[in-house]
Amino acid sequence: MLKEGKIMTIGIDKIAFATGQYVLKMDDLADARKEDPEKFSKGLMLDALSITPPTEDIITLGASAAEKILNDEDKEKIDMVILATESSIDQSKAGAVYLHSLLGIQPFARSIEMKEACYSATAALNYAKLHVEKHPESRVLVVASDIAKYGIKSSGESTQGSGAVAMLITSNPSILILTDDNLAQTRDVMDFWRPNYSTTPFVNGMYSTKQYLDSLKTTWREYQKQTGFKISDFAAFCFHIPFPKLAFKGLKKLISETVSASHKEQLLKHFQDSIIYSRQIGNIYTGSLYLGLLSMLENSQTLRAGDTIGFFSYGSGAVCEIFSARLAEGFQKQIQTSHIKELDNRIQLTVFDYEKLFFEEIELDAKGNAYLDFYRTGPFYLSGIKNHQRIYKRVKDK
Ligand code: CAA
């Protein structure tokens, strides 16, 4: 409840991520594809990719991430669940309905799915914020969940990945206070898209990187004009991370302006903290900007309450947005310790096994049933398909 006279803030109260339980090391991929390993480790700044088996999808990943942060009170108070995704499992039913059910959220909630390539989690945050502004007691669960799959030997193969980020949006948040300075840009370009009939995207790879950087440059210019902000006003900048090297190029574009040497060093250090998880996981599309935020929060020793963080969200097609947010008082208490050890526990795959596991299509019989083999997943898994209906279970129900 708000005390009289206190200004209400809105933002991220809790945040967590989940990723696939299998991993492909970039050195192994380089070896199989006859590439110099440094092309991946230095050229893309990637060390490994998270791989999912057929029993893990955007629902199980999203539910695993959300379960890490929700307590019984949250489940009673959440009245909206938004799933942001590019790799939807159904053309009609919102994946958020499955999440709502698996997580045991009270029935009088709105559950929807949002789409615009890697951008939609930012739209979801905006919608969640508007909702909480009107209903300060509400809690909104935003889940960004994707499996980035380009295809064997495709140009994007080295930038695949899988994972979900879950965020609880509330009034008076414990971690991050959203401000009102968002500036978006839309441009109709074909840099990356996936028609309904295709399981993998069509990509104009180099063109997409140009669109990303030009969207950043032009939106940043207009954002500065509208807000008066300079890069020196930000303690850190988080980027959509299709692969860390592109985000790094983005940061370099912003700090080419006059910044002091010490501030430049601070921005670079925080950037390095923001790519620790992405280096090990790869692209998780909609969640990747927020995975960067979480990586920075969990691994940085120098961020302080009140620090302003800038965000660049980008979704191919394309829509992008720049906005700022402030770290809340005591945010460190709400942040868990680094997840690097958890990532080390993934099962390492050979390239042969990765090709089999990641691209295995679920085969349905004439009645729309499929029986799936056992694989390691998070706490939830897709147990099978019955009459074209996906059946999700908790691992302990097996
Ligand atoms: N040692 C060190 N570096 C090396 C190297 C070596 N031996 N060999 C190559 N490199 C460097 C290259 O110089 C290059 O770095 P610079 O860009 O700084 O010059 C880097 O490694 C990548 O090499 P290539 O340019 O040859 O490119 P590639 O064949 O790996 O393809 C890509 C890059 C086109 C981006 C491809 O990975 C791709 O298609 N990815 C999918 C699309 C994508 O991620 N687009 C990003 C923008 S769109 C977006 O953001 C939405 C989204 O999430 C998809």
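Good morning. One aromatic cluster in this structure is formed by Y212, W220, Y223, F229, F234, F237, F239, F248, F271, F312 and Y314. Please bear in mind throughout that the model is a predicted one.

Let me stay with the aromatic rings for a moment. A pair of aromatic rings is described by the distance of the centres and the angle of the planes. How many aromatic pairs does the count come to? The total is 23 aromatic pairs. One of them is formed by W193 and F202, whose ring centres are 5.7 Å apart and whose planes meet at 20°. This pair counts as stacked, because the planes are under 30 degrees apart. As for their surroundings, W193 is partly exposed, at 28% relative accessibility. F202 is also partly exposed, with a relative accessible area of 38%.

I turn now to the pockets. Rolling a probe the size of a water molecule over the atoms shows where empty space is left. The largest pocket has a volume of about 1,400 Å³. Its lining consists of 50 residues, and those nearest the centre are S87, S88, I89, R194 and T199. Five elements, namely β5 (110-114), β6 (139-148), β10 (192-193), α14 (351-359) and β18 (389-394), give two or more residues to this lining. Which element gives the largest share of the lining of the largest pocket? That element is α14, with three residues. Sorted by class, the lining of the largest pocket holds 23 nonpolar, 14 polar and 13 charged residues.

Where does the largest pocket lie with respect to the domains? It lies between domain 1 (10-175 + 338-397) and domain 2 (178-330), because both domains give residues to its lining.

The second largest pocket has a volume of about 720 Å³. It is lined by 35 residues, of which L44, S155, G156, T159 and F243 are the closest to its centre. At least two lining residues come from each of the helices α1 (26-33), α2 (37-44), α7 (205-227) and α8 (244-254). Here α7 gives the most, with seven residues. The classes in the lining of the second largest pocket are 15 nonpolar, 12 polar and eight charged residues. Domain 1 and domain 2 each supply at least three residues to the lining of this second pocket.

Next, the record. In an unreviewed entry, UniProt gives the annotation "binding site" to D36, Y150, K249 and N283. These residues are spread over 248 residues of sequence, and in space they are up to 22.5 Å apart between C-alpha atoms. Which of these residues belong to the lining of the second largest pocket? The lining includes Y150, K249 and N283.

Let us compare the settings of two annotated positions. D36 sits in the loop between α1 and α2, and Y150 sits in the loop between β6 and β7 (161-171). Is Y150 buried or exposed? Y150 counts as buried, because its relative accessibility is 13% and the cut-off for buried is under 20%. D36, by contrast, is partly exposed, with a relative accessible area of 49%.

Finally, the unreviewed UniProt entry also lists residues 261-392 as "domain: Hydroxymethylglutaryl-coenzyme A synthase C-terminal". Over that stretch the chain is 38% helix and 24% strand. The C-alpha atoms at the two ends of the stretch are 52 Å apart.

Thank you for your attention.

Definitions and conventions:
Residues are numbered from 1 along each chain as its sequence is written. This is a predicted model: local features need pLDDT of at least 70, side-chain atom pairs count only at pLDDT 80 or more; totals for chains, interfaces and linings use all residues. Side-chain values use heavy atoms; hydrogens and water are left out. On a 1 Å grid over the protein atoms alone, a cavity is a set of points where a 1.4 Å probe fits but cannot get out, and a pocket is an open set with protein on both sides within 12 Å along at least five of seven lines; lining residues have an atom within 4 Å of a point. Grid points are joined across faces, edges and corners, and a volume is the space filled by probe spheres set on the points. Helices (H or I, at least four residues) and strands (E, at least two) are DSSP runs, numbered from the N terminus. Ala, Val, Leu, Ile, Met, Phe, Trp, Tyr, Cys and Pro count as nonpolar, Asp, Glu, Lys and Arg as charged, and the others, Gly among them, as polar. Domain bounds come from an automatic or database domain assignment. UniProt positions are given in the numbering used here, feature names are shortened, and annotations may be inferred rather than shown by experiment. Rings of Phe, Tyr and Trp (its six-membered ring) pair if their centres lie within 6.5 Å; planes under 30 degrees apart count as stacked, over 60 as edge-to-face and the rest as tilted. Buried means under 20% relative accessible area, exposed over 50%, partly exposed in between (1.4 Å probe, protein chains only).
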